[in-house]
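The following note is offered to a colleague who is meeting this structure for the first time. Its points are numbered for ease of reference.

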Amino acid sequence: MKMFHVFKKISAFALMVVVILTSMNLIASAASYSSGGTSFNLLNMSGHSITEVYFYPSYNSTWGNARNRGWIYNGREAVLSFTSAEMRLNTEWSLRIGFDKGRYVSYALWEDVSPAELVKAQSITVIANEQGGYTLDYSGSNPTVDNNEFTLLNMTGLAITEVYFYPVSNSTWGNSRNRDWIYNGGEETMRFSYNELGLDVEWCMTLGLNKGRYVSYITWEGLTLADFVNCDYVNVYSNGDGYTISFEDDNYY
């Protein structure tokens with residue numbers, strides 16, 4: 001009888017060890033999986049507000065629930081996530097994005113999208129293309145410069161009311177980058193997101209100049225954001241016939 005009780009105790013102890021080891025393996029496995037991540041940043045540089053973002057297996061007949069909590073305005077970004085179970089699915093996925101067009105919402109569809117590729121890229125940028133549609137840019141997480149800010153110096157003789165930066169292919173300007181008017185002789189430091197710096201596209205800069213009763217806008221095309229952040233000052237000045245921008249260092253002043 002004593003030996004039987006000893007055997008029961010040993011068996012119970014062995015079972016406890018197995019349960020503990022199994023739990024540890026599950027925890028370790030879960031930790032290892034979570035370290036890979038299940039989310040990524042979606043940067044909207046489309047020129048329109050993004051109303052909805054849907055991810056769903058391509059074989060699904062419905063889109064499911066939108067992944068974004070609210071609208072993603074042009075120039076803004078949002079963190080989107082997959083569940084661990086979704087990451088493990090061995091199937092093709094579809095990505096559908098709704099764009100606000102004023103009186104209606106226009107949807108763009110990408111098929112054969114991989115959640116693993118989106119998460120690995122960390123940052124995805126939606127940009128307008130020359131064909132009138134939209135493109136997913138996976139290179140936004142790899143900026144070519146370390147700095148992301150520059151100082152705009154206003155020497156136009158007028159107050160700058162608005163400053164816009166947007167890809168040439170965009171049909172709208174997005175949000176103004178300055179916090180307040182930049183008066184003549186004044187300056188303001190502005191920043192680009194690293195996702196914007198990583199985009200391999202040409203950019204436009206549009207400035208609003210206060211003319212008293214109205215605002216006059218002037219645009220420069222074919223710009224590179226790296227030129228802005230790799231100098232000390234971006235000087236905007238009057239050249240007699242119009243306005244010029246120059247990229248200067250501290251020795252200029």
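**Notes on aromatic residues, strands and pockets**

1. One aromatic cluster is formed by Phe150, Phe165, Phe192, Phe228 and Phe247. The reader should bear in mind that the model is predicted. In total, the structure holds 19 aromatic pairs.

2. One pair merits a separate description. A pair of aromatic rings is described by the distance of the centres and the angle of the planes. For tyrosine 164 and tryptophan 173, the ring centres are 5.1 Å apart and the planes stand at 55°, so this pair is tilted; the tilted class ends at 60 degrees, over which a pair counts as edge-to-face.

3. Are the two partners of this pair buried or exposed? Tyrosine 164 has a relative accessible area of 11% and is buried, because the limit for a buried residue is under 20%. Tryptophan 173, at 31%, is partly exposed.

4. Tyrosine 164 also leads to the strands, as it stands opposite threonine 206 in β11. Strand β9, which spans residues 160-167, pairs with β11 in the antiparallel sense over 7 bridges. On β12, the residue opposite threonine 206 is threonine 219.

5. Strand β12 (residues 215-223) and β11 likewise pair in the antiparallel sense, over 7 bridges. These two strands form a hairpin, with 4 residues between them. In the turn, glycine 212 has a positive phi of about 95°.

6. Why may β11 be described as largely enclosed by the rest of the structure? The strand covers residues 203-210, and 7 of its 8 residues are buried, so the description follows.

7. The largest pocket has a volume of about 230 Å³. Its lining comprises 17 residues, of which Asn74, Gly75, Arg76, Arg177 and Glu196 are the closest to the centre. By class, the lining divides into 6 nonpolar, 7 polar and 4 charged residues.

8. Which strand supplies the largest share of the lining of the largest pocket? That share, 3 residues, comes from β9. Both β1 (39-45) and β9 supply at least two residues each to this lining.

9. The second largest pocket holds about 160 Å³ of space. Among the residues that line this pocket are Ile127, Ala128, Asn129 and Glu130, together with Thr135, Val168 and Ser169. Asp200, Val201 and Glu202 also belong to the lining of the second largest pocket. This lining has 4 nonpolar, 3 polar and 3 charged residues.

Definitions and conventions. Residues numbered from 1 in each chain as written. Predicted model: local features only at pLDDT ≥ 70, side-chain atom pairs only at ≥ 80, totals over all residues. Heavy atoms only, no water. Phe/Tyr/Trp six-rings, centres within 6.5 Å; stacked < 30°, edge-to-face > 60°. Buried < 20%, exposed > 50% of the residue type's maximum accessible area, 1.4 Å probe, protein only. Pairing = 2+ DSSP bridges. 1 Å grid on protein atoms, 1.4 Å probe; cavity = no way out; pocket = protein on both sides within 12 Å on 5 of 7 lines; lining within 4 Å. Points joined across faces, edges and corners; volume = space filled by probe spheres on them. Nonpolar A, V, L, I, M, F, W, Y, C, P; charged D, E, K, R; others polar.
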